[in-house]
Amino acid sequence: MARLPLIDPETTSGDIRASFDRMPVKLNIFRMMAHAEANMIPAMRLGNSILHKQKLSAVNRELLILQAAQLEGGAYEWRQHVPIALGVGCTQAQIDAVERSDYDAAGLSDAERALLKFGREVVENVRVPDATFAAAREHFSDQEIVEAIVALGFYMMMARLTEVTETDLDPAAGMKVYDGGKK
């Protein structure tokens, strides 16, 4: 049971209520986030822009999201994003490699290896060694590198939100939530 009560969407008003009304599934993570009334809508817009508007490919973005969840112990995000990762084209071998933190796995491309090694440094050490940064720049534009950092930071925050509050896990919503954000 979560450490804080989940907000009942029916008790909300204004933009938060409108946001809940548009959701195909009212996930517990959003019901927990609703405690931060001033932050919920901007955070959801940022999350939606990460999922649907970045130049970084959907496969690369999902690998980074899973990496942040795995490294942060974010069980909630891991459960929700494995089906999304598979839905946007990640392979089970890629997901397994991220779960094992095996960034040299055969199922990963050279670009994915460079991205995940970059991501690990961002999550674990904040600063990225020159060689790791240069390896990422061989495959990704300046825009994609910054987008990767934004995606990692956002999902690190979400992992902290769900893990600190012990937000109850929902069944995986799969592509329903992802596709709902495209509207």
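These notebook entries record what I looked up in the structure, from the whole protein down to single residues.

**Entry 1: the whole protein**

I noted at the outset that this is a predicted model. I then listed the secondary structure and found 10 helices and 0 strands. Read from the N terminus, the order of elements is α-α-α-α-α-α-α-α-α-α.

I next looked up the overall dimensions. The C-alpha trace spans about 50 × 30 × 30 Å along its principal axes. For a compact globule of 183 residues I would expect a radius of gyration near 16 Å, and the protein has 16 Å, so the value agrees with that expectation.

I also looked at how the chain packs on itself. Of the 183 residues, 46% are buried. I took the contacts between residues at least 6 apart in sequence and found that 68% of them join residues at least 24 apart.

**Entry 2: surface and charge**

The exposed area of the protein is about 9000 Å². Carbon and sulfur atoms supply 52% of that area. I counted 20 positive and 26 negative side chains. The centres of these two sets lie 4 Å apart.

**Entry 3: helix 3**

I checked the length of helix 3, which covers residues 37-52. Its 16 residues should span 22 Å at 1.5 Å a residue, and the end C-alpha atoms are 23 Å apart, so the two values agree.

Which residues of helix 3 are buried? I found M40, I41, A43, M44, G47, I50 and L51. The elements that cover them include helix 1 (14-22), helix 2 (28-33) and helix 4 (58-72). Also among the covering elements are helix 5 (75-88), helix 9 (142-165) and helix 10 (175-180).

**Entry 4: A43**

I chose A43 from helix 3 for a closer look. Its relative accessible area is 11%, and because buried means under 20%, A43 is counted as buried. Setting aside residues up to four places away in sequence, I found that A43 touches M33 and F154. I also compared A43 with V59: the two are 16 residues apart in sequence, and their C-alpha atoms are 22 Å apart in space.

**Entry 5: two glutamines**

Q94 is located in helix 6 (residues 92-99). Is Q94 buried or exposed? At 6% relative accessibility, I recorded Q94 as buried. Outside its neighbours within four places in sequence, Q94 is in contact with V59, L63, G89, G107, L108 and E112. I also looked up the separation of Q94 and F154, which are 60 residues apart in sequence and 21 Å apart from C-alpha to C-alpha.

Q80 is located in helix 5. Its relative accessibility is 6%, so Q80 counts as buried. With neighbours within four places in sequence left aside, the contacts of Q80 are L27, D170, P171, A172, A173 and G174.

**Entry 6: positive phi values in loops**

I then searched for residues other than glycine with a positive phi. S101 has a phi near 55 degrees. I located S101 in the loop between helix 6 and helix 7 (110-125). At 27% relative accessibility, S101 is partly exposed.

E166 is not a glycine either, and its phi is positive at about 55 degrees. Where does E166 lie? I found E166 in the loop between helix 9 and helix 10. Its relative accessibility is 39%, so I recorded E166 as partly exposed.

Notes. Residues numbered from 1 in each chain as written. Predicted model: local features only at pLDDT ≥ 70, side-chain atom pairs only at ≥ 80, totals over all residues. Heavy atoms only, no water. Helix = DSSP H or I, 4+ residues; strand = E, 2+ residues; numbered from the N terminus. Expected span 1.5 Å × (residues − 1). Buried < 20%, exposed > 50% of the residue type's maximum accessible area, 1.4 Å probe, protein only. Contact = heavy atoms within 4.5 Å. Rg over C-alpha atoms; globule rule 2.2 N^0.38 Å. Areas by Shrake-Rupley, 256 points an atom, 1.4 Å probe, with all protein chains shown as cover. Lys, Arg positive; Asp, Glu negative; His and termini not counted. Charge placed at Lys NZ, Arg CZ, Asp CG, Glu CD.
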